[in-house]
Amino acid sequence: MGKLLEQIQTEKPKSAGGKPRIQIILDEMTSEDRDDLLQALLDTTIQTMVIRNVLAQRGDKLSHSTVARFRKDLANGIA
């Protein structure tokens, strides 16, 4: 067995365990901003990249996939 395989097999998985970054951002927002963001996330006419860019302008940098995944979970009632 090679060293790489041994390292992979013995590495313990790291569990995320914490809240998603976007949920932390929502929790720290004013109620008005939180309501606006949730409304935007549920509005399918607003592109995910636009939401991501506006959040980045406000200092909250998230990846496109993070916002997209949260939108999907929110629409499905998971988030």
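**Salt bridges, a pocket and a surface patch**

D43 has a relative accessibility of 29%, so D43 counts as partly exposed. The model described here is predicted. D43 sits in the loop between α3 and α4. From D43 to F70 the C-alpha distance is 13 Å, while the two residues are 27 residues apart in sequence.

A second pair of positions involves helix α2, where I25 lies. The relative accessible area of I25 is 2%, and I25 is therefore buried, the cut-off for this class being under 20%. Between the C-alpha atoms of I25 and L41 there are 13 Å, and along the chain the two are 16 residues apart.

The charged contacts come next. Side chains of opposite charge can pair when their charged atoms come close. The structure contains 3 salt bridges. One of them joins K19 to D27, with 2.5 Å between the closest N and O atoms. K19 counts as exposed because its relative accessibility is 52%, and the cut-off for that class is over 50%. Its partner D27 has a relative accessible area of 37% and is therefore partly exposed.

Another salt bridge is formed by the side chains of D60 and R21, at 3.9 Å from N to O. This pair links distant parts of the chain, 39 residues apart: R21 belongs to helix α2 (residues 21–28), and D60 to the loop between α4 (48–57) and α5 (64–75). How accessible are D60 and R21? D60 has 16% relative accessibility and so counts as buried. R21 has 38% relative accessibility and so counts as partly exposed.

D33 and R58 also form a salt bridge, and their closest N and O atoms are 2.8 Å apart. D33 is in helix α3 (residues 31–42) and R58 is in the loop between α4 and α5, so this pair ties together parts that are 25 residues apart in sequence. With a relative accessibility of 23%, D33 counts as partly exposed.

D33 and R58 appear again in the lining of the largest pocket. Rolling a probe the size of a water molecule over the atoms shows where empty space is left. In the largest pocket this space comes to about 190 Å³. Which residues line the largest pocket? Besides D33 and R58, the lining is made up of M29, D36, L37, A40, I46, V50, I51, V54 and L55. Helices α3 and α4 each contribute at least two residues to this lining. By class, the lining of the largest pocket holds 8 nonpolar and 3 charged residues, and no polar ones. Asp and Arg count as charged, so D33, D36 and R58 belong to the charged class in this lining. The salt bridge between D33 and R58 thus joins two residues of the pocket lining.

The last feature is on the surface. Where is L5 placed? L5 is found in helix α1 (residues 3–10). Its relative accessibility is 42%, so L5 counts as partly exposed. Together with L4 and I8, L5 forms a nonpolar patch on the surface, and the accessible area of these residues together is about 310 Å².

Terms used. Residues are numbered from 1 along each chain as its sequence is written. This is a predicted model: local features need pLDDT of at least 70, side-chain atom pairs count only at pLDDT 80 or more; totals for chains, interfaces and linings use all residues. Side-chain values use heavy atoms; hydrogens and water are left out. Patches are made of residues with over 30% relative accessible area and no salt bridge: like charges are joined within 9 Å, nonpolar side chains (Val, Leu, Ile, Met, Phe, Trp, Tyr) within 5 Å. Accessible areas come from the Shrake-Rupley method with a 1.4 Å probe; for residues, only the protein chains shown count as cover. A salt bridge is a side-chain nitrogen of Lys or Arg within 4 Å of a carboxyl oxygen of Asp or Glu. Helices (H or I, at least four residues) and strands (E, at least two) are DSSP runs, numbered from the N terminus. Buried means under 20% relative accessible area, exposed over 50%, partly exposed in between (1.4 Å probe, protein chains only). On a 1 Å grid over the protein atoms alone, a cavity is a set of points where a 1.4 Å probe fits but cannot get out, and a pocket is an open set with protein on both sides within 12 Å along at least five of seven lines; lining residues have an atom within 4 Å of a point. Grid points are joined across faces, edges and corners, and a volume is the space filled by probe spheres set on the points.
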